[in-house]
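I opened the notebook to record what I looked up, one entry at a time. The sequence and structure go in here before the entries.

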Amino acid sequence: MEFKTALFYAFAAIMILAATRVITARNPVHAALFLVLSFFSAAGIWMLLEAEFLAIVLVLVYVGAVMVLFLFVVMMLDIDTGRLRENFWSYLPVASFVGVIIVLEMAAVLWRSFLSFDTQAVAAGNIGGTKELGMLIFTKYVYGFEIAAAILLVAIVAAVALTLRKRKDTKHFDPADAVRVKRNDRLKIVKIAPVTTRGQMPAASAETKETP
């Protein structure tokens, strides 16, 4: 067995184990960390396929930004895991049915490739490059790319709308009123007569000196 093949099997085994622990871990923080490990393993497989750009994007975007955000959100929300796991096994039939369908769909797609395993491989220099990806995204897959962008935009707007909850114990102001404010509304000058105490003694101390 070649060293490259051994690395592939090692990364694949780690990724499968980490993906399994993402589902079975009881602590949400541990599940998020196992997801980070699975992303790193997938990036290692991309590197073995000489798709450096995809590996770097997977690490920088998903591990460096998305997963860090997920981890901070999970830690700040303080999720009650006991309540979430109530009636957990009742969803097992539906989850098993969906999992079997996904496995059959992937097998239907990959079975033909396994049967024609002796076909000539694609040149590795054309995989994972920014130029090749850009040409494919904006020519062959442009409609799918635009639909995915629209779905993500709707998801962002929905997330912002769900978090905008009006509370009575918080103070807010209208930005338009803050822009239209004038100097006289913010600042008021009050004239006060000057008071000088230099050379004068308090009345109480003067009366004390006059008494024998």
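Entry 1, helix length. I first wrote down the rule: the expected span of a helix is 1.5 Å times one less than its number of residues. The model I applied it to is predicted. For α2, with 21 residues, the rule gives 30 Å. I then looked up the end C-alpha atoms of α2 and found them 31 Å apart, which agrees.

Entry 2, the whole chain. I looked up the secondary structure and noted 10 helices and 0 strands in the protein chain. Read from the N terminus, the order is α-α-α-α-α-α-α-α-α-α. The chain has 212 residues, and 11% of these count as buried. Its exposed area is about 18900 Å², with 69% supplied by carbon and sulfur atoms. I also looked up contacts with a separation of 6 or more, and 59% of them join residues 24 or more positions apart.

Entry 3, α1 against α2. I noted that two packed helices are described by the angle between their axes and the distance between the axes. The axes of α1 (residues 3-24) and α2 come within 8 Å and cross at roughly 160°. Angles over 145 degrees count as roughly antiparallel, so α1 is roughly antiparallel to α2. I put the crossing down as left-handed. On the α1 side, the residues that meet α2 include L7, F8, F11, I14 and M15. On the α2 side, those that meet α1 include F34, L35, S38, S41 and L48.

Entry 4, S41. Is S41 buried or exposed? S41 sits in helix α2. Its relative accessibility is 3%, and the cut-off for buried is under 20%, so S41 counts as buried. Leaving out residues up to four places away in sequence, S41 touches F11, I14 and M15. I checked α2 for other buried residues and listed several, among them A31, V36, F39, A43 and I45.

Entry 5, after α2. Which residue with a positive phi follows α2? I found E50, in the loop between α2 (28-48) and α3 (52-77). Its phi is about 60°, although E50 is not a glycine. I wrote this down because most residues other than glycine have a negative phi. At 39% relative accessibility E50 is neither under 20% nor over 50%, so E50 counts as partly exposed.

Definitions and conventions
Residues numbered from 1 in each chain as written. Predicted model: local features only at pLDDT ≥ 70, side-chain atom pairs only at ≥ 80, totals over all residues. Heavy atoms only, no water. Helix = DSSP H or I, 4+ residues; strand = E, 2+ residues; numbered from the N terminus. Buried < 20%, exposed > 50% of the residue type's maximum accessible area, 1.4 Å probe, protein only. Contact = heavy atoms within 4.5 Å. Areas by Shrake-Rupley, 256 points an atom, 1.4 Å probe, with all protein chains shown as cover. Axes fitted to C-alpha atoms, helices over the stretch in contact; angles between N-to-C directions. Parallel < 35°, antiparallel > 145°, perpendicular 65-115°, else oblique. Left-handed = near helix turned anticlockwise from the far one by under 90°.
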